[in-house]
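Please work through the exercises below with the sequence and the coordinates at hand, and try each task before reading its solution.

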Amino acid sequence: MKSLDLAIRLEWAIVAAAAVVFYASTGMSWWLFGVLILAPDLSMLGYLAGPRVGALAYNALHILIVPVFLLLAGHLSGNATVMAVALIWIAHIAIDRALGYGLKLSTSFQDTHLGRIGRQTTTV
């Protein structure tokens, strides 16, 4: 693993940890966290309709725009539940990035903006 790749993964791991710490400050149940932490991955069902639809569905739930705006809305309205859901969502995205999973390209689930994931075959 290259040092830049390691630094990027570490950065996302810190974002994930911060989201979890801030989640704890909302006072919401850890059951909610456990139930929702993998919810964005339901978007992978879009791949049943092909790689283009799958990438669109996956990316729609794995970009930070919506959860960051949701967090802001929850904060401005004083709604701890909305903030908690947004922080879980942000934690999920950050954990994915820390593990090397990026936004999907329309060619294949393994093709991401961070590079190809999974086993690489080499020819000799």
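The exercises that follow concern a predicted model, and each solution proceeds step by step.

**Exercise 1. Overall architecture**

Determine how many helices and strands the protein has, in what pattern they follow one another along the sequence, and what share of its residues is buried.

Solution. Begin with the inventory of secondary structure, which comes to five helices and three strands. Reading along the sequence then gives the pattern α-α-α-α-α-β-β-β, so the order is α5 before any strand by the DSSP numbering from the N terminus. Next, turn to burial: of the 124 residues, 32% count as buried. The accessible surface comes to about 7,900 Å², and carbon and sulfur atoms account for 71% of that area. Finally, consider the contacts between residues at least 6 apart in sequence, of which 54% join residues at least 24 apart.

**Exercise 2. The geometry of helix α4**

Compare the expected span of helix α4 with the distance between its end C-alpha atoms, and then examine what follows the helix and what its residues contribute to the surface.

Solution. Helix α4 covers residues 65-77, which makes 13 residues. The expected span is 1.5 Å times one less than the number of residues, and therefore the helix should span 18 Å. The end C-alpha atoms are 18 Å apart in the model, in agreement with that expectation. Just after the helix, glycine 78 adopts a positive phi of about 70°. For the surface, take Ile65, Val66, Phe69, Leu72 and Leu76, which form a nonpolar patch with about 530 Å² of accessible area together. Leucine 72, a residue of α4, has a relative accessible area of 43% and is therefore partly exposed. As to the spacing of such positions, an α-helix has 3.6 residues a turn, so residues three or four places apart point the same way.

**Exercise 3. The largest nonpolar core**

Identify the residues of the largest nonpolar core, and decide which element gives the most to this core.

Solution. The core consists of nine residues, namely Ala19, Tyr23, Phe33, Ile37, Ala84, Leu87, Ile88, Ile90 and Ala91. Sorting them by element shows that α1 (3-26) and α5 (80-98) are the elements that give two or more residues. Of these, α5 gives the most, with five residues. One core member, isoleucine 90, can then be followed outwards: leaving aside residues up to four places away in sequence, isoleucine 90 touches Val15, Ala19, Leu64, Pro67, Val68 and Leu71.

**Exercise 4. The salt bridge**

Locate the salt bridge of the structure, and explain how the sequence positions of its two partners relate to the helix that holds them.

Solution. The structure holds one salt bridge, in which the side chains of aspartate 5 and arginine 9 meet at 3.5 Å, N to O. That distance satisfies the cut-off, since a salt bridge requires the nitrogen to be within 4 Å of the carboxyl oxygen. Because the two residues are four apart in helix α1, aspartate 5 and arginine 9 are separated by about one helical turn. Side chains of opposite charge can pair when their charged atoms come close. Both partners are partly exposed, aspartate 5 with a relative accessible area of 31% and arginine 9 with 24%.

**Exercise 5. Contacts across the sequence**

For alanine 86, alanine 55 and leucine 64, state where each residue lies, whether it is buried or partly exposed, and which residues it touches beyond four places in sequence.

Solution. Alanine 86 is found in helix α5 and is buried, because its relative accessible area of 0% is under 20%. Its contacts are Pro67, Leu70 and Leu71, once neighbours within four places are set aside, and the C-alpha atoms of alanine 86 and proline 67 are 4.8 Å apart although 19 residues separate the two in sequence.

Alanine 55, in helix α3, is likewise buried at 4% relative accessibility. Outside its neighbours up to four places away, alanine 55 touches Tyr47, Lys104, Leu105 and Ser106; between alanine 55 and leucine 103, 48 residues apart in sequence, the C-alpha distance is 7.8 Å.

Leucine 64 sits in the loop between α3 and α4 and is partly exposed at 27%. With the same exclusion of neighbours up to four places away, leucine 64 touches Trp12, Ile90 and Ile93, and its C-alpha atom is 7.4 Å from that of isoleucine 93, 29 residues apart in sequence.

Definitions and conventions
Residues numbered from 1 in each chain as written. Predicted model: local features only at pLDDT ≥ 70, side-chain atom pairs only at ≥ 80, totals over all residues. Heavy atoms only, no water. Buried < 20%, exposed > 50% of the residue type's maximum accessible area, 1.4 Å probe, protein only. Contact = heavy atoms within 4.5 Å. Areas by Shrake-Rupley, 256 points an atom, 1.4 Å probe, with all protein chains shown as cover. Patch = residues over 30% accessible without salt bridge, like charges linked within 9 Å, V, L, I, M, F, W, Y side chains within 5 Å. Core = buried A, V, L, I, M, F, W, Y, C linked by side-chain atoms within 4.5 Å.
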